[in-house]
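Biologist: Can you pull up the model? I'd like to go through its cross-links and charged pairs.

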Amino acid sequence: MRALRKTKNCLNCGTPLDEVYNYCPICGQQNDDKNVSFKELGRDLFENFFSFDSRLAHTFFPFFFKPGELTRKYNEGKRFTYANPIRLYIIVSFFYFFILNIMMGDLTRELSQALDTPEADSVKAAIQNEVQFNLDSINNAPPIMVKMDSDSISEGDENSWPLKNWQWELLYNKLNDNSISEQALYDSLRIEDRSALTKLTIKQIIRIYKRDKETLVSEIVQNLSVMMFILIPVFALLLKLMYVRRKTLYVNHLIHTIHLHTFAFFVYGVAMGLIHWAVESDNVHNWIMFTTLFVVFIYSFLSFKRVYNQSWKKTALKYWITSWLYFYILVFAIIIELLVSLLIF
């Protein structure tokens, strides 16, 4: 155990402390300096995760109504008064992804029901007939209109990925046949000579189409929560790069990042709940979505200003750069997450 780096005053409540005091006699916080380590951050989490005390009450007002204040106080060493940031993130993110999972499951169920209607069947039949008509037109066209010889057509069919034309047609016709198992349909395509990636892709196409779509959506949302947790250190690294001259510890940027994501998840979760259960008007839906994005935007900008205490111009520039960089990283990460979810489903 490392020696305590004692201070003359309690960093949480300001009470003067003698050298012999290891803990503040007023509030109970350990007499140590404000630089929290990863180990101490984790220890605070496990010691306080299941204790609902006055910390949540003290956290409520600065968290919601004074952007960046909670981060600033926590980084100043006033950790005993407020809820642990990781604990707060876990609670709010559970709420957000729980709402998202229900919402996406309901939408998937509604879409599946809509596709099973006679009207949807007629549309699919019309599309299939149109595609077949176009193929027949190409096949029956005069030689002068078709510049490709038989060898080039065969070569194009051989090089198509992941399936040849006849295999796509077979797959399309048999996917809705519940009497054919996934393995039997896969074997009928005769792709033993294709690459491992092709085989995996076709297996996943068959599996995704034949299995429960709600389960797939639930798994995508679950993996999305893991992805967002992984991206938190990435955003903190962007903050470290933006404010590299300030010599701020990386863990302090990490705490700021956790607070920003926690607020965004809470606001988005409430907005999705209102849209899904409480409001039916599309105009109101659009207003809620716009307001939610605007609130998160303004909150994050003011949090940057309060935590790093730079001019409005510098804050706006750094916030703009950080936001766009994180947006591109987020889009890329979502694409990867979707592909991974589809491959491992």
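Modeller: Here it is, a predicted model. To start, a salt bridge here is a side-chain nitrogen of Lys or Arg within 4 Å of a carboxyl oxygen of Asp or Glu.

Biologist: How many salt bridges does the structure hold?

Modeller: Seven.

Biologist: Take Arg-109. Which residue does Arg-109 form a salt bridge with?

Modeller: Asp-106. Their closest N and O atoms are 2.8 Å apart.

Biologist: Where do Arg-109 and Asp-106 lie?

Modeller: Both are in helix 4, residues 85-115. They sit three residues apart, about one turn of the helix.

Biologist: And Asp-106, buried or exposed?

Modeller: Buried, with a relative accessible area of 18%. The cut-off for buried is under 20%. Arg-109 is partly exposed, at 35%.

Biologist: Next, Arg-211. What does the side chain of Arg-211 meet in a salt bridge?

Modeller: Glu-182, at 3.0 Å from N to O. This pair links distant parts of the chain, 29 residues apart. Arg-211 is in the loop between helix 9 (196-210) and helix 10 (213-242). Glu-182 belongs to helix 8, residues 182-188.

Biologist: What about accessibility for Arg-211 and Glu-182?

Modeller: Arg-211 is partly exposed, with a relative accessible area of 41%. Glu-182 is also partly exposed, at 25%.

Biologist: Which residues do salt bridges with shared partners join into one network?

Modeller: Glu-69, Arg-72, Lys-73, Glu-76 and Arg-306. Within that network, Glu-76 pairs with Arg-72, and their closest N and O atoms are 2.8 Å apart. Glu-76 is partly exposed, at 29% relative accessible area. Arg-72 is partly exposed as well, at 28%.

Biologist: Switching topic. How many disulfides does a search of the whole structure find?

Modeller: Zero.

Biologist: Why is there no bond from Cys-10 to Cys-27?

Modeller: Distance. The closest cysteine sulfur to that of Cys-10 is in Cys-27, 3.6 Å away, too far for a bond. A disulfide needs the two sulfurs within 2.5 Å.

Biologist: And Cys-24, which cysteine has the closest sulfur?

Modeller: Cys-13. The gap is 3.6 Å, so that pair is too far for a bond.

Biologist: Cys-10 and Cys-24, buried or exposed?

Modeller: Cys-10 counts as buried, at 6% relative accessibility. Cys-24 is buried too, with a relative accessible area of 4%.

Biologist: Quick recap?

Modeller: The predicted model has seven salt bridges and zero disulfides. One of the salt bridges, Arg-211 with Glu-182, links distant parts of the chain.

Notes. Residues numbered from 1 in each chain as written. Predicted model: local features only at pLDDT ≥ 70, side-chain atom pairs only at ≥ 80, totals over all residues. Heavy atoms only, no water. Buried < 20%, exposed > 50% of the residue type's maximum accessible area, 1.4 Å probe, protein only. Helix = DSSP H or I, 4+ residues; strand = E, 2+ residues; numbered from the N terminus.
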